[in-house]
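Hello,

Here is the structure you were waiting for. My notes on it follow below.

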Amino acid sequence: MINNYLRIAWRGIKKDKLFTSIKIGGLAMGIAACLLIALFIEDELSYDTHYENKNNIFRLVLELDIDGETKKSTHFPLPFAETLVADFPEIKKAGKIYGSGLASGGKRAFRLTDESQNNFEQGFLYGDQGIFEILEIPLKEGNYEDALNPGSIVISESKAAKYFPNGNALGQSLILDDNPSEPYTITGIMNDFPTNSHLNFDFLMPIRDTNMRWSSQNYFTYVLLDEKSDLGALQEKMYSIMENYVIPAQIERGRDAGFIDVLKTIEYKLQPITDIHLKSDIEMADGLKHGDIRFIWLFAAIAGFILLLAASNFINLATAKSAKRAKEVGLRKTVGAFKRNLVAQFLTESVLFSFISLILGVVLAWLLLPMFNAMAAKSIVLPITSSWFLPVLLVSTLLIGLIAGLYPAFYLSAFNPVNVLKGNVKIGGKSGGLRSGLVVFQFTTSIILIIGTLIIYKQMDFILKKELGYDKEQLILVEGGNVLGDKSEAFKEQLLQLPQVQQVSLSDYVPVDGSRRNQTTFNKVGVGSEDTGVLSQTWRVDYDYIKTLGMHIEEGRDFSKEFSTDSENAVIINRKMAHDLQLQNPLGKQLDNHNKKWTIVGVVEDFHFESLKKEISPLALVIGSDINTIMIKLNSGNANEALASISDIWDRNVPNQAINYSFLDQKFAQMHEDVQRIGKIFNSFALFAILVASLGLFALSAFMVEQRNKEVSIRIVLGAPFRSIYKLLTWDFLKLIFISILIAIPIGGYMMHRWLEDFAFRITIGWEIFLTAGTIAFLIAMLTISYQSIAAALVKPIHGLRTE
């Protein structure tokens with residue numbers, strides 16, 4: 001019986017190639033899109049799930065209330081980890097790490113002791129013994145007891161293979177920052193971190209900081225809890241650290257009552273390690289690259305919609321072609337076929353279509369995967385060898401085939417054989433309303449995705465073109481400047497002699513994410529105890545920093561060597577800090593920072609130094625020496641020629657290290673590359689959905705033209721003009737498109753408004769976006785249905801009437 005069903009199904013495929021191709025092709029595209037999205041989601045959800053004790057590993061998060069606003073931080077004092085273990089028996093182990101740019105670790109000049117040429121490596125972190133045990137970092141060589149002794153360094157397996165191909169890395173010495181007086185000995189070779197880890201570093205060194213003050217907060221702190229721990233109760237108990245250690249330390253430093261009141265709002269939270277990648281608030285500013293659980297749900301919804309669109313095509317075309325199967329159903333029932341036999345036959349056909357679509361869909365996903373990986377910055381592979389992959393695909397495809405074929409099967413098998421054989425069956429039957437509803441659903445979904453695509457594009461264009469408060473164009477960043485040592489000022493003067501160079505500044509504080517940061521508290525001098533101070537970034541810069549970045553001084557002056565006190569106590573604050581300190585006339589006012597007095601000499605216009613998802617926060621600039629990064633502002637002209645001249649000067653000053661440079665505008669773009677990636681993925685699958693919907697509309701319009709062929713021929717014979725025939729064949733579809741537009745606009749507008757709420761600086765959603773989306777949808781529909789409509793209107797009427 002099944003064999004008979006399959007033969008009939010195959011005969012139907014060969015007989016009606018166009019509609020069959022659209023049904024199978026649309027479903028194949030839906031399966032391919034769903035498979036790619038599922039692999040992406042699986043990769044995102046797999047972050048930090050490789051730990052054996054993943055359910056008991058947590059990262060510490062601090063929450064506090066400042067003027068009614070909740071702030072979060074992941075940075076803690078040096079003694080915090082040891083205190084946790086000592087005071088709370090539920091905590092089995094605690095460890096800490098530190099490093100600038102934790103997403104990939106800090107960057108350092110690096111070479112072997114027997115080599116003269118430096119390499120520029122990244123992935124350097126400082127950690128303690130507890131980190132080895134909590135993060136389950138396996139050592140391929142070396143032992144845990146000696147791995148992090150003073151002067152030691154643990155390197156990854158890949159770096160050991162790169163620099164010691166003969167396998168003799170253990171015990172070798174390394175030179176960092178071109179400082180041979182302090183060599184590091186390799187005491188361990190650790191396994192490479194998996195790509196789906198929120199931390200990814202290649203070099204781990206012992207913490208050299210001996211500052212045990214509770215006021216300095218620089219370290220990520222991780223804990224391993226006992227399996228029987230009560231998480232809520234432990235979080236409440238941890239407040240005792242604030243009472244017993246932090247507040248007494250701040251009172252000893254002379255902090256006023258207002259500042260202490262803010263500290264009393266602090267709560268310590270434990271964040272599961274498996275939540276760090278997808279469920280970390282942007283306010284944490286932890287320097288890591290995160291995903292977003294909301295995008296996971298969004299892409300899962302898109303995958304579901306694409307599959308529903310493909311299934312809608314299947315149902316639409318199956319019911320639309322019902323009249324062509326009516327006589328077959330009538331004859332089968334006449335010769336004794338039961339309804340269940342007919343249902344089984346039609347379901348068999350549906351499942352066969354589904355399995356053919358599965359094969360094509362997997363092949364299509366395999367072909368598109370390299371392009372998808374490049375777009376998503378992933379290394380996903382089709383898990384064909386995994387034991388779960390094929391069974392899940394087969395079961396899913398079987399379900400898709402059964403669900404998509406269920407309504408057409410019962411609909412077709414319900415025909416009355418007497419009416420069918422008398423020719424009294426209405427073409428398309430009662431399914432016309434369903435088909436219209438499915439068309440509306442398809443195009444409503446497509447228009448929502450078009451609205452999303454347009455808004456994402458406009459927001460990214462807004463970000464990349466927004467006035468930032470500084471000039472990011474033609475500005476080169478040379479990293480590793482600390483190897484210049486006492487040659488830094490001479491190097492700067494040599495660069496200024498180049499005709500292509502306009503300004504040069506030596507500072508490690510760059511206005512993009514991932515560069516060095518330093519957050520402290522400033523108070524107004526001479527105010528009462530109610531003053532809580534302002535949490536501010538404090539950047540050490542040189543005298544040419546503001547000029548090099550093209551910032552605007554709104555009040556006062558820039559730093560100047562003509563004022564000897566500038567290097568001692570002068571500070572330039574941004575407008576946001578003046579506002580938060582409630583300073584109407586800030587010039588000349590004094591600020592207190594860790595018992596040091598600073599005098600405000602200028603106010604700089606607010607500028608963006610973090611992602612545009614964040615508000616501009618208070619910032620103070622002071623004269624200081626941090627020269628790891630050299631900023632070079634070029635005159636407009638040939639950048640390649642300027643780079644060649646800069647490289648020559650660098651080589652003369654630092655012959656042992658190749659120059660490592662980038663452009664500030666590229667760094668700024670990289671700061672938002674996660675949003676750009678998500679936008680590209682969203683746009684790609686939106687295109688998939690629109691294509692599937694258009695295929696269905698094309699097939700449906702072709703069917704409707706076919707069914708009205710005689711009517712069109714008669715109208716032409718009676719003198720109906722082309723315009724009348726064209727309107728007849730398209731108007732019903734266009735009404736459905738207009739209904740889709742009316743439904744999609746409020747839904748798409750609301751969804752994208754919620755998405756834009758993530759950005760502190762964002763576009764306004766205007767009517768022109770909805771007009772553009774509606775116009776695009778209208779044009780897509782017109783192009784889709786016009787081919788068949790125009791062909792029908794231009795055909796000779798004899799072809800439609802000759803069967804009579």
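**Overall figures**

The protein chain exposes about 36,700 Å², and carbon and sulfur atoms supply 56% of that area. Please keep in mind that this is a predicted model. Of the 804 residues in the protein chain, 51% are buried. The secondary structure comprises 26 helices and 23 strands. Among contacts in the protein chain with a separation of 6 or more, 79% are between residues 24 or more positions apart.

**Nonpolar cores**

In soluble globular proteins, nonpolar side chains tend to be buried together. The largest nonpolar core in this model has 109 residues, and the members that touch the most others are F40, F299, F372 and F685. Helix α22, residues 673-707, provides the largest share of this core, with 13 residues. Two of those four phenylalanines also appear in the list for F372: beyond its neighbours within four places in sequence, F372 is in contact with L36, F40, I380, I681 and F685. There is also a second, separate core of 28 residues, which includes L64, A81, M238 and I260.

**Helix α20**

Helix α20 covers residues 639-653. Its 15 residues, at 1.5 Å a residue, should span 21 Å, and the C-alpha atoms at its ends are 21 Å apart, so the expected and modelled values agree. Which residues of α20 are buried? They are A642, L643, I646, S647, I649, W650 and N653. Viewed down the axis of α20, these buried residues fall within an arc of 165°, and therefore they line one face of the helix. The general background is that an α-helix has 3.6 residues a turn, so residues three or four places apart point the same way. Exposed residues N640 and R652 sit on the face of α20 turned away from the buried side. The buried residues of α20 pack against two strands that follow or precede the helix in the numbering, β22 (629-634) and β23 (660-663), and also against β13 (475-479) and α16 (488-496).

**K492**

Helix α16 contains K492. Is K492 buried or exposed? K492 is buried, because its relative accessible area is 5% and the cut-off for buried is under 20%. The side chains of K492 and D542 are joined by a polar contact of 3.2 Å. Apart from its neighbours within four places in sequence, K492 is in contact with V504, L506, D542 and D544.

Regards

Key. Residues are numbered from 1 along each chain as its sequence is written. This is a predicted model: local features need pLDDT of at least 70, side-chain atom pairs count only at pLDDT 80 or more; totals for chains, interfaces and linings use all residues. Side-chain values use heavy atoms; hydrogens and water are left out. Helices (H or I, at least four residues) and strands (E, at least two) are DSSP runs, numbered from the N terminus. Buried means under 20% relative accessible area, exposed over 50%, partly exposed in between (1.4 Å probe, protein chains only). Contact means heavy atoms within 4.5 Å. Accessible areas come from the Shrake-Rupley method with a 1.4 Å probe; for residues, only the protein chains shown count as cover. The expected span of a helix is 1.5 Å times one less than its number of residues. The arc is that of the directions from the helix axis to the C-beta atoms. A polar contact is a pair of N or O atoms within 3.5 Å; within protein, one must be able to donate a hydrogen and the other to accept it, and residues adjacent in sequence count only if both atoms are side-chain atoms. A nonpolar core is a set of buried Ala, Val, Leu, Ile, Met, Phe, Trp, Tyr and Cys residues joined through side-chain atoms within 4.5 Å.
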